[in-house]
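Good morning, and thank you for making time for this presentation. Please look at the structure as it comes up, and I shall take you through it part by part.

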Amino acid sequence: MPDNDNDSKGPNAVTTTTPPVTLDAERDALLAVLASARSALTKSVRGLSDEQLGERPTVSALCLGGLIKHVASMEETWLRFVVDGPSAMTYALPEGVTWADIASGTARQFPQWMIDHQNDFQMLPGDTLAGILERYEQVAARSAEIVAAVPDLSVTHPLPAAPWHEPGAVRSARGVLMHVIAETSQHAGHADILRETLDGQKST
């Protein structure tokens, strides 16, 4: 659904296409909260250059462009999980590599999904503000379509096996949306700190 935040109509706003069906009150509310969190995040990059998006103004390795890339990728993956279940997330390790190797940093080879995850936090050659925001818009539009189409927000899928998931844990479509909202909001706070450190401007 469209972002209802009155301040989200700026050049960096992330908008979505209204689904072709009428949403029930819960779905409408969840999507509205998610749209507001997205808007808070994208406001942090208003008026910045592509170069500034890659700067790391704090002691962390975070940059504003990378944060938006990460959140877009995270949302895309979790909403794909709503449709496809655990096959949407693969945490397979190369042959002979264990989680202990990964944790200690001694793995002889790191899986591609882990490399992609790290790259999401960086501004890579060819990344631009326009391109990052365009992709985020596409992800948001697809999320709205999935939320509108899923038969029941209570339907669950098992979470894929990974050290950070409890064995046998499941997550519903509703739980996915709440997780995405929480993570987007958390990173919007990170982005606000980065922007203020970068040039003294606040995104809120």
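R142 is partly exposed, with a relative accessible area of 45%. Its partner in a salt bridge is E145, and the closest N and O atoms of the two lie 3.3 Å apart. E145 also counts as partly exposed, at 43% relative accessibility. Both residues belong to helix α6, and because they are three residues apart there, about one helical turn separates them. I should say at this point that the model is predicted.

As a general matter, side chains of opposite charge can pair when their charged atoms come close. How many salt bridges does the structure hold? The count is seven, and I shall describe two others.

One of them joins E76 to R135, with 2.6 Å between the closest N and O atoms. E76 is in helix α3 whereas R135 is in helix α6, so this pair ties together parts of the chain that are 59 residues apart in sequence. As for accessibility, E76 is partly exposed at 34%, and R135 is partly exposed at 30%.

Another salt bridge links R27 and D24, whose closest N and O atoms are 2.9 Å apart. Is R27 buried or exposed? With a relative accessible area of 9%, R27 is buried, because buried means under 20%. D24, at 37% relative accessibility, counts as partly exposed.

Let us return to helix α6, which spans residues 129-149. A130 has its place in this helix. The relative accessible area of A130 is 58%, so this residue is exposed, the cut-off being over 50%. Along the chain, A130 and D50 are 80 residues apart, yet their C-alpha atoms are separated by 8.8 Å.

Next, I turn to helix α3, where G66 is found. G66 has 0% relative accessibility and therefore counts as buried. Which residues does G66 touch, leaving aside those up to four places away in sequence? They are L53, D120, F121, Q122 and M123. The C-alpha atoms of G66 and G54 are 7.2 Å apart, with their positions 12 residues apart along the chain.

Helix α3 also leads us to the largest pocket. The volume of this pocket is about 540 Å³. Of the 19 residues that line the largest pocket, S73, T77, Y91, W113 and H117 are the closest to its centre. Which helix gives the most to the lining? That is α3, with six residues. At least two lining residues come from each of α3 (64-84), α5 (112-120) and α7 (173-199). Sorted by class, the lining has eight nonpolar residues, seven polar ones and four charged ones.

Finally, a word on confidence. The protein chain has an average pLDDT of 89, and 88% of the residues score at least 70. Over residues 1-9, however, the pLDDT is below 50. That stretch has 23 contacts in the model beyond near neighbours in sequence.

To close, I would recall two points. The salt bridge between E76 and R135 connects helix α3 with helix α6, and helix α3 is the element that gives the most to the lining of the largest pocket. Thank you for your attention.

Terms used:
Residues numbered from 1 in each chain as written. Heavy atoms only, no water. 1 Å grid on protein atoms, 1.4 Å probe; cavity = no way out; pocket = protein on both sides within 12 Å on 5 of 7 lines; lining within 4 Å. Points joined across faces, edges and corners; volume = space filled by probe spheres on them. Helix = DSSP H or I, 4+ residues; strand = E, 2+ residues; numbered from the N terminus. Nonpolar A, V, L, I, M, F, W, Y, C, P; charged D, E, K, R; others polar. Buried < 20%, exposed > 50% of the residue type's maximum accessible area, 1.4 Å probe, protein only. pLDDT = per-residue confidence, 0-100. Contact = heavy atoms within 4.5 Å. Salt bridge = Lys/Arg side-chain N within 4 Å of Asp/Glu carboxyl O.
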